[in-house]
Each structure stands twice: as C-alpha cells, then as structure tokens.
Amino acid sequence: MSDALDIVIIGLSLSSSWGNGHATTYRGMLRGLEALGHRVTFLERDVPWYAAHRDLPSPDFCELHYYDTVDELISRFGERIKEADAVIIGSYVPEGPKVIDAVHTLKPKQLAFYDIDTPITVARLKKGDEEYLAARQVPLFDIYFSFTGGPTLRQLEHEFGSPRAEALYCSVDDTRYQNTGEAPVWDLGYLGTYSDDRQPTLEKLLIEPARRLPHLKFVVAGPQYPDTIDWPENVERIDHLPPAEHPSFYSRQRFTLNVTRADMIAAGWSPSVRLFEAAACGTAIISDFWEGLGDLLPLGEAIEIAGTSDEVVEILTGLSEERQRAMADAAKARVLAGHTGHARAAELANYLRDGAAKLARSEPTKELA
C-alpha cells in the first residue's frame, strides 16, 4: 500500500447537515484526508429529506455520488469498492445490514465500520434492534472505528467479536470554525436537533435558567422541536442553522451549552462534535457530566460542568469575564492541538495502514495496493 490511500466511504450523508451530526463530522475529516494527499469517494443514499436540504452538494475535497438502492450501489460502484485500499461503512446508513452484506461479498481489501453513534448502536444490539448493523456483522469488519472510547472499545471486541476496535472521535474543521469577532448577542446558546432524552436536560440547564434570568438572552437552534414546548420570551428559536453559519452562532454567545444523550452519558468518552466546534470558535462551554470528559477538556479549567439550573445561573451571573475567557482559551488550545479534521484524518490513515500491514502478515497471498 502506498502512502496515499484510496478510500471509499458509504455514509449517512455528506451533502446535508439537516437533522444529523454525521455530515459535519465527515466533512472535517475528509478535508483533512484530501490535504494529506488521500483520495476519497463518498457514496450517499439519495433520500428526499436530505435532497431538500443539501448545503454541500458538490464538495471540492472528495468525489460524492448518490445511489437509490443497494443493488444500484453494487452495480455502479462495485469495482471502486474492490479497487479501494479501504472501504468504510458508517452508522445509520439506510438498509445498513443489506449494504454491509453486499459490500462484504465483494471482498474489499480492508473493510471498516465507522460508528458515529456507538452507545446507541450497542444499546440497540443488546435489544436485538439491527436497523443499521446486525450483531453477526461486527466480526466482519477488520476495524471498528468508534465515536466512543474507554471501556466500550473492549466491549465491542469481547462481547460482540470485533477483531479490532479503535476510538476515532469526532473532529472540527479549524479552517472554517473560527471566532468571527462579532459582539455577543446571547448569554447562553444551544445547537442540536430535538431529542426526547436530551430535552429534560435542556429544560433544566437552559430553559429554566432563562425563566429565572429574564434580563439575559438565550438561543436554541435546531430542527424538529415540538410546538408543545413552552419557550420563555427571552429564548430565541432558530429552526435550522447550516454549518456555514455555525461560527457566527458560537461567536455571538458568552457561553454555549453541551447536552449529551443518555446512552452516551452511560458509555462515557463520547464527545459531541458541537463540543469541539464551540471550543474552536473560542466560546466558553457549559456541559453536563460524563466519564472521560475531563480527559478531553480538563474540568474547571477548560469547561464548566453543571447538573442543575442553580449551577447554570451561578455560572452565568457569577463567573468573571476574565475567567470565562481563560476557560475558552484553554478549550480552544486543546481542541486545535488534537481534535481537528486534519488530526483525525492522520489517525484514520495510520490505523488503515497498520491494519493493512497486519492483514498482509496474516494473509500473505492477499493482494494489497
């Protein structure tokens, strides 16, 4: 295998960030891969809800192709899949088990799974829910890349039979996520699609503090929030915010709120891409707690933890501007040093090269690029 890799990724979406966090994750990492000299072909199921909200229909850092059915995926792109140095299938791909079986049958040189939803995947597999990955398929992948690190990696290997599980956290494109220099408009903001299990925390850590602090301004951006939510008058709502507008959104906040899904809190070591985006923009972060967060951003130094409305109120009203700026600067330094798309792309490439070398030793007759 040469230094430059030829990679095929079959993922949920690259073209549209509407209602998902996958697109921005792929974009940052793929830009990093392109900058490092690798070739990437991204294959995306053409579905109407993303087709109607495409904010990157023609990326300049990779090839992007759409397909309508699994049969078309194989008939049109089967040769590319067989020629590639590595094929990566992502979580939440429509008809995922059928896609995995079809691609595995082609015997790609190296097959990997990129789980952007690992705690949710594990919880579903334990319940027999195999919407986008079947338990029997986990051992089919040479490498299982996981958005979650820590003990979950060993669980994937020992309980589900993965030959090799590695953490591949989300990342931020630091060439696009930078502070815009705009003056703060909101005291606390949140960016995220509505989720049943996140909503109670959002109520506790943003909506209730907004009620108690009517003189401050708050904002919640993201789609699919039900009309039944009672938003205080000082909470501005933005239904959809395309990635191009994220830096401005973060830059206009004194603090941003990070809220984590229940399955990810239970697993720990599950950073959200929003965490890295806000840090790269130099915005101070308030977050709920989960194991491993302090390994990424030292608690009390680079991030503030809040579990109650009172704690959020205390931070918003009691933390000095100097302390807020120092915390934001510490988080930014951490993220730019190790959690950019370029850094993640380098990790991915190294994992794939190492994986190819191990496969070559175990299967000396297997042809490698």
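Cys62 counts as buried at 13% relative accessibility, and Cys281 likewise counts as buried, at 0%. In this predicted model, the structure holds zero disulfides. The briefing below takes up the cysteines, then an open sheet of seven strands, three buried residues with polar or charged side-chain names to follow on the structure, and an open sheet of six strands.

**Cysteines**

- The cysteine sulfur closest to that of Cys62 belongs to Cys170, and because the two sulfurs are 19 Å apart, they are too far from each other for a bond.
- Cys170 also holds the cysteine sulfur closest to that of Cys281, but here too the separation, 14 Å, is too far for a bond.
- A disulfide requires two cysteine sulfur atoms within 2.5 Å, and the structure accordingly holds zero disulfides.

**The seven-stranded sheet**

- Seven strands with parallel pairing form this open sheet, and their order across it is β3-β2-β1-β4-β5-β6-β7.
- The edges are taken by β3 (63-67) and β7 (165-167), and because each of these has a single partner strand, one side of each is left without a neighbour in the sheet.
- From one strand to the next, the twist averages 20°.
- Strand β1 (residues 6-11) pairs with β2 in the parallel sense over six bridges, and within this pairing Ile10 stands opposite Leu43 of β2.
- β2 and β3 also run parallel, joined by five bridges, and Leu43 has His65 as its bridge partner in β3.
- Strand β2 (residues 39-45) is largely enclosed by the rest of the structure, because six of its seven residues are buried.
- The unit made by β1, helix α1 (residues 22-35) and β2 is a right-handed β-α-β unit.
- Towards the other edge strand, β7, strand β6 (residues 143-146) pairs with β7 in the parallel sense over three bridges, with Tyr144 standing opposite Ala165 in β7.

**Buried residues and their contacts**

- His22 is found in helix α1 and counts as buried, at 4% relative accessibility.
- Leaving aside residues up to four places away in sequence, His22 touches Leu12, Ser13, Ser91, Tyr92, Ile116 and Asp117.
- One of these, Asp117, is 95 residues from His22 in sequence, whereas the C-alpha atoms of the two residues are 9.3 Å apart in space.
- Thr121 lies in helix α5 and is buried, with a relative accessible area of 2%.
- The side chains of Thr121 and Asp115 make a polar contact at 2.8 Å.
- Not counting residues up to four places away in sequence, Thr121 touches Asp115, Tyr132, Leu133 and Tyr144, and Tyr144 is also the residue that stands opposite Ala165 in β7.
- Gln137 has its place in the loop between α5 (118-126) and β6, and this loop residue is buried, with a relative accessible area of 0%.
- A polar atom of the Gln137 side chain lies 2.8 Å from the backbone oxygen of Pro97.
- Beyond residues up to four places away in sequence, Gln137 touches Pro97, Ile100 and Asp101.

**The six-stranded sheet and its helices**

- Six strands with parallel pairing form an open sheet in the order β10-β9-β8-β11-β12-β13.
- The edge strands of this sheet are β10 (235-238) and β13 (304-305), each of which pairs on one side only.
- Strand β11 (residues 253-258) and strand β12 (residues 284-287) pair in the parallel sense over four bridges, and Asn258 stands opposite Ser287 in β12.
- Helix α7 (residues 199-212) packs on the sheet, where it touches β8 (186-191), β9 (218-221), β10 and β11, and the direction of the helix makes about 140° with that of β9.
- Helix α13 (residues 321-338) also packs on the sheet, touching β11, β12 and β13, and its direction makes about 85° with that of β12.

Methods
Residues are numbered from 1 along each chain as its sequence is written. This is a predicted model: local features need pLDDT of at least 70, side-chain atom pairs count only at pLDDT 80 or more; totals for chains, interfaces and linings use all residues. Side-chain values use heavy atoms; hydrogens and water are left out. Buried means under 20% relative accessible area, exposed over 50%, partly exposed in between (1.4 Å probe, protein chains only). Two strands pair if DSSP finds at least two bridges between them. Helices (H or I, at least four residues) and strands (E, at least two) are DSSP runs, numbered from the N terminus. Axes are lines fitted to C-alpha atoms, for helices over the stretch in contact, and angles run from 0 to 180 degrees between N-to-C directions. A crossover is right-handed if, with the strands pointing away from the viewer, the path from the first strand over the helix to the second runs clockwise. A polar contact is a pair of N or O atoms within 3.5 Å; within protein, one must be able to donate a hydrogen and the other to accept it, and residues adjacent in sequence count only if both atoms are side-chain atoms. Contact means heavy atoms within 4.5 Å.
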